[in-house]
Amino acid sequence: MNKKALITGITGQDGSYLTEILLDKGYTVHGIIRRSSSFNTGRIDHLYNNQEIYGKRLFLHYGDLVDTSNLNRLLEKIEPDEIYNLAAQSHVKVSFEIPDYTAQVDALGTLRFLDAIREVGLKQVKFYQASTSELYGKAQDIPQTEKTPFYPRSPYGVAKLYGYWIIVNYREAYNLFACNGILFNHESPRRGETFVSRKITRAASRIALGIDEKLILGNLNAKRDWGYAPEYCEGMRMILQHPIPEDFVMATGETHTVREFAELTFGELGINLEWDGKDERERGIIKEIVKTKYDIKNKKLKQGVCVIEVDGRYYRPTEVDLLIGDYTKAKNLLGWEPKVKFDELIKIMIESDYEKVLKRGF
Ligand code: NAP
Ligand code: G4F
């Protein structure tokens with residue numbers, strides 16, 4: 001019999017890739033979506049509108065991680081073999097503005113789900129928790145492994161820390177097959193536009209095509225280990241196929257600053273930058289424009305023009321300065337290894353955003 005998966009956060013970046021992966025493997029996929037006043041299914045519309053798939057092997061249900069009775073009903077009705085809990089208020093900066101809601105969803109939402117599993121009596125179900133490198137926060141080791149102590153630096157990180165430990169506790173207390181994927185930053189053309197990677201690739205495209213003049217960023221010194229989302233979503237599935245429920249780090253093992261991300265992105269378009277000033281006065285200025293496969297339609301762009309500025313409103317009250325992950329355990333036990341590294345990731349994202357902006361004009 002084909003497996004049945006239930007995905008929370010199916011409308012998000014990871015949810016959409018994971019759905020494609022599981023459908024490809026022959027799963028039936030059930031997804032939980034939130035009621036929204038505007039369309040929120042853009043990332044899965046290609047599947048939703050496919051009559052071969054929707055209503056046959058893909059089903060969507062309204063729900064929310066803050067609604068316990070809804071989770072109980074869905075579990076009773078669907079009886080999934082595997083659950084992927086990807087739903088979250090996933091923006092670190094926003095979590096400082098809405099810490100209570102972030103905890104309700106990211107921490108207690110996980111608990112509600114685990115408890116609903118017990119109440120419904122799904123003893124054989126396997127549960128994947130979208131844990132995060134934000135747990136390391138003020139990192140205590142370089143690189144970070146499954147054994148590195150946690151020190152979260154945001155309400156988001158702290159809420160996810162609760163999620164991490166409640167998974168471990170339900171695994172030990174009730175023998176539940178529950179695992180944490182401690183995933184480092186992973187990006188793609190489907191990444192939300194307010195995360196820094198996508199903010200940069202989208203803005204660089206808009207600047208090159210003459211729609212925007214400048215990109216305003218926050219902390220350029222922060223270092224992240226950025227990988228390619230579809231590979232990490234395949235890793236989630238692999239974690240649940242491992243015979244023993246365990247926690248795994250997934251990362252690329254490389255780290256780069258936000259400044260490098262911006263420099264490479266503009267460079268990919270043929271806009272080579274140099275930097276001037278420090279902290280909030282730092283600016284990215286055009287050093288030269290060189291020919292690439294991308295057409296720079298904005299004729300105002302020339303040597304000396306400032307295209308990046310820093311604004312303190314994007315700084316966080318407490319920052320995570322440096323993340324770099326060691327994925328040896330995932331490589332040895334699961335055979336998981338990332339193929340797309342930093343340069344290639346930027347190429348993929350800029351190609352997509354440049355095309356989108358060119359076609360749609362936004
Ligand atoms: P994302 O694009 O922000 O997607 C989040 C998903 O959660 C969306 O489908 C969203 O629905 C849904 N959601 C939010 N609040 C909800 C609620 N109260 N009830 C039900 N659904 C809710 O995030 P992502 O990048 O795909 O990340 C997936 C998961 O991995 C998240 O848990 C994130 O914290 C974690 N994570 C991400 C990364 C990364 O680098 N991407 C790294 C480590 C861990 P709407 O579409 O309606 O907003
Ligand atoms: O892209 P970010 O917002 O991602 P962040 O905070 O690392 O969180 C993402 O990755 C986590 C895994 O480590 C996930 F758990 C989480 O759900 C999310 O997917 O910011 C990356 C860095 C930060 O240091 C931030 O201060 O970029 C810096 N940054 C500089 N300027 C900016 C900006 N971040 C954003 N969002 N916008 C800026 O203008």
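**The two domains**

Begin by colouring domain 1 and domain 2 separately: in this predicted model, their centres, taken over C-alpha atoms, are separated by 33 Å. To make the selections, use residues 4-183 for domain 1, and 196-220, 258-319 and 347-360 for domain 2.

Next, turn the view to the place where the two domains meet. Five residues of domain 1 are in contact there with seven residues of domain 2. About 540 Å² of area is buried between domain 1 and domain 2, and carbon and sulfur atoms give 54% of that area. Now select K93, F96 and R153, which supply 85% of the area that domain 1 buries against domain 2, more than any other three residues.

**Ligand 2**

Keep both domains coloured and display ligand 2. Why does ligand 2 lie between domain 1 and domain 2? Both domains give residues to the shell around ligand 2, and therefore the ligand lies between them.

Select the residues around ligand 2, of which there are 23; T132, S133, Y156, R316 and E319 come nearest. By class, this shell around ligand 2 contains nine nonpolar, eight polar and six charged residues.

Three polar contacts of ligand 2 may be examined in turn. Show the side chain of R316 first: one of its N or O atoms is 2.5 Å from an oxygen atom of ligand 2. Proceed to R191, where a polar side-chain atom lies 2.9 Å from an oxygen atom of ligand 2. Then display the backbone of T194, which has a polar atom 2.9 Å from a nitrogen atom of ligand 2. Of the 710 Å² of accessible area that ligand 2 has on its own, the protein covers 95%.

**Ligand 1**

Retain Y156 on the screen and add ligand 1. Y156 is among the residues that come nearest to ligand 2, and it is also listed with T11, R34, D64 and S90 as closest to ligand 1. In total, 25 residues surround ligand 1.

Which N or O atom contact does the side chain of Y156 make with ligand 1? An N or O atom in this side chain is 2.6 Å from an oxygen atom of ligand 1. Now show the backbone at two further positions. At H186, a polar backbone atom is 2.9 Å from an oxygen atom of ligand 1. At G9, a polar backbone atom is 3.4 Å from an oxygen atom of ligand 1. The protein covers 89% of the 900 Å² of accessible area that ligand 1 has on its own.

Switch to a cartoon view to see which elements form the shell around ligand 1. Helix 1 (13-24), helix 5 (99-120), strand 5 (126-132) and helix 6 (155-174) each supply at least two residues. Strand 5 gives the largest share of this shell, with three residues. By class, the shell around ligand 1 has ten nonpolar, ten polar and five charged residues.

**Two backbone details**

From strand 5, follow the chain into the loop that leads to helix 6, where P143 is found. Select I142 together with P143: the peptide bond from I142 to P143 is cis, with omega near -5 degrees.

Continue beyond helix 6 into the loop before strand 6 (177-183), and select N175 there. Is the phi of N175 positive or negative? The phi of N175 is near 60 degrees, which is a positive value in a residue other than glycine.

Both details deserve a close view, because most residues other than glycine have a negative phi and most peptide bonds are trans.

Key. Residues numbered from 1 in each chain as written. Chains lettered and ligands numbered in written order. Predicted model: local features only at pLDDT ≥ 70, side-chain atom pairs only at ≥ 80, totals over all residues. Heavy atoms only, no water. Near = heavy atom within 4 Å. Polar contact = N/O pair within 3.5 Å; in protein donor to acceptor, adjacent residues only side chain to side chain. Areas by Shrake-Rupley, 256 points an atom, 1.4 Å probe, with all protein chains shown as cover. Helix = DSSP H or I, 4+ residues; strand = E, 2+ residues; numbered from the N terminus. Nonpolar A, V, L, I, M, F, W, Y, C, P; charged D, E, K, R; others polar. Domains from an automatic or database assignment. Contact = heavy atoms within 4.5 Å. Buried area = accessible area lost by both parts, 1.4 Å probe.
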